[in-house]
Amino acid sequence: MCGDAVLSEAHNWYVRSRLTTAMNHTLDTSETPFGRAVADLHFTRQRLSETRGASADCPKGTILSHRALLSDAGGRAFSLVVECYTAANLAS
């Protein structure tokens, strides 16, 4: 995210046991973006694929899709993310 602008619609599949109790609570009880909620893991993001248009997990109108793996500072993977970018998202 950039400020309060929504840059993409993201779908995160993650291993709850690799997050802290506080992170899981934040994700369960708020609208805090995933990346902000898990920032204390000092994660890295490895892009696995980029697709022009919508991947299977993206809504109609998606013009660019990314799949990425998030790993904690120790290199242990904890999340797979699919990011869906629409023209409206990118115009923000």
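# Close-ups of a four-stranded fold

**Figure 1. The whole chain, piece by piece.** Three helices and four strands make up the secondary structure of this protein. Walk along the sequence and you meet them in the pattern β-α-α-β-β-β-α. The radius of gyration is 14 Å, close to the 12 Å that the globule rule gives for 92 residues, so the protein is as compact as a globular protein of that length. If you drew a box around the C-alpha atoms along the principal axes, that box would be roughly 35 × 25 × 20 Å. Keep in mind that what you're looking at is a predicted model.

**Figure 2. How far to trust the picture.** The average pLDDT of the protein is 90, and 90% of the residues score at least 70. Where is confidence lowest, and where is it highest? Helix H3 (residues 87–91) sits at the bottom with a mean of 72, while helix H1 (residues 21–29) comes out on top at 98. As a rule of thumb, where pLDDT is low, the predicted coordinates shouldn't be read in detail.

**Figure 3. The open sheet.** Here the four strands line up in the order E1-E4-E3-E2, and their pairing is antiparallel. Why is one side of strand E1 (9–14) and of strand E2 (44–52) left without a neighbour in the sheet? Both strands stand at the edges and each has a single partner strand, so there is nothing in the sheet to fill that other side. On average, and ignoring direction, neighbouring strands of this sheet are turned by 20° against each other. In general, strands of a sheet pair through backbone hydrogen bonds, either parallel or antiparallel.

**Figure 4. The E3–E4 hairpin.** Strand E3 (residues 62–71) and strand E4 (residues 77–86) pair in the antiparallel sense, with nine bridges between them. You can pick out two of the partnerships by eye: Ala68 is bridged to Val81 of E4, and Leu70 is bridged to Ser79 of E4. E3 and E4 form a hairpin, and five residues lie between them. Look for Gly75 in the turn, which has a positive phi of about 90°.

**Figure 5. Strand E4 and its other neighbour, E1.** How many bridges join E1 to E4? There are six, and these two strands run antiparallel. Tyr14 has Ser79 of E4 as its bridge partner. That's a residue you've already met, since Ser79 is also the bridge partner of Leu70. Eight of the ten residues of E4 are buried, so this strand is largely enclosed by the rest of the structure. For the protein overall, buried residues make up 29% of the 92 residues.

**Figure 6. Zooming in on Cys84.** Cys84 belongs to strand E4. Is Cys84 buried or exposed? Its relative accessible area is 1%, and under 20% counts as buried, so Cys84 is buried. Leu64 is 20 residues away from Cys84 along the chain, yet the C-alpha atoms of the two are separated by 6.2 Å. In the protein, 48% of the contacts with a separation of 6 or more involve residues 24 or more positions apart.

**Figure 7. Thr51 on an edge strand.** Thr51 is found in strand E2, which stands at an edge of the sheet. With 32% relative accessibility, Thr51 counts as partly exposed. Which residues does Thr51 touch, leaving out those up to four places away in sequence? The answer is Ile63, Leu64 and Ser65. Thr51 and Cys84 are 33 residues apart in sequence, and from C-alpha to C-alpha they are 9.7 Å apart in space.

**Figure 8. His42 in its loop.** His42 lies in the loop between helix H2 (34–37) and E2. Its backbone has a small surprise for you: His42 has a positive phi of about 50° although it is not a glycine. His42 counts as exposed, at 58% relative accessibility. For the protein as a whole, the exposed area is about 5,800 Å², and carbon and sulfur atoms supply 52% of that area.

**Figure 9. Gly35 and Pro59.** Gly35 is part of helix H2. At 32% relative accessibility, Gly35 counts as partly exposed. What separates Gly35 from Pro59? Along the sequence they are 24 residues apart, and in space their C-alpha atoms are 21 Å apart.

Conventions:
Residues numbered from 1 in each chain as written. Predicted model: local features only at pLDDT ≥ 70, side-chain atom pairs only at ≥ 80, totals over all residues. Heavy atoms only, no water. pLDDT = per-residue confidence, 0-100. Pairing = 2+ DSSP bridges. Axes fitted to C-alpha atoms, helices over the stretch in contact; angles between N-to-C directions. Rg over C-alpha atoms; globule rule 2.2 N^0.38 Å. Buried < 20%, exposed > 50% of the residue type's maximum accessible area, 1.4 Å probe, protein only. Contact = heavy atoms within 4.5 Å. Areas by Shrake-Rupley, 256 points an atom, 1.4 Å probe, with all protein chains shown as cover.
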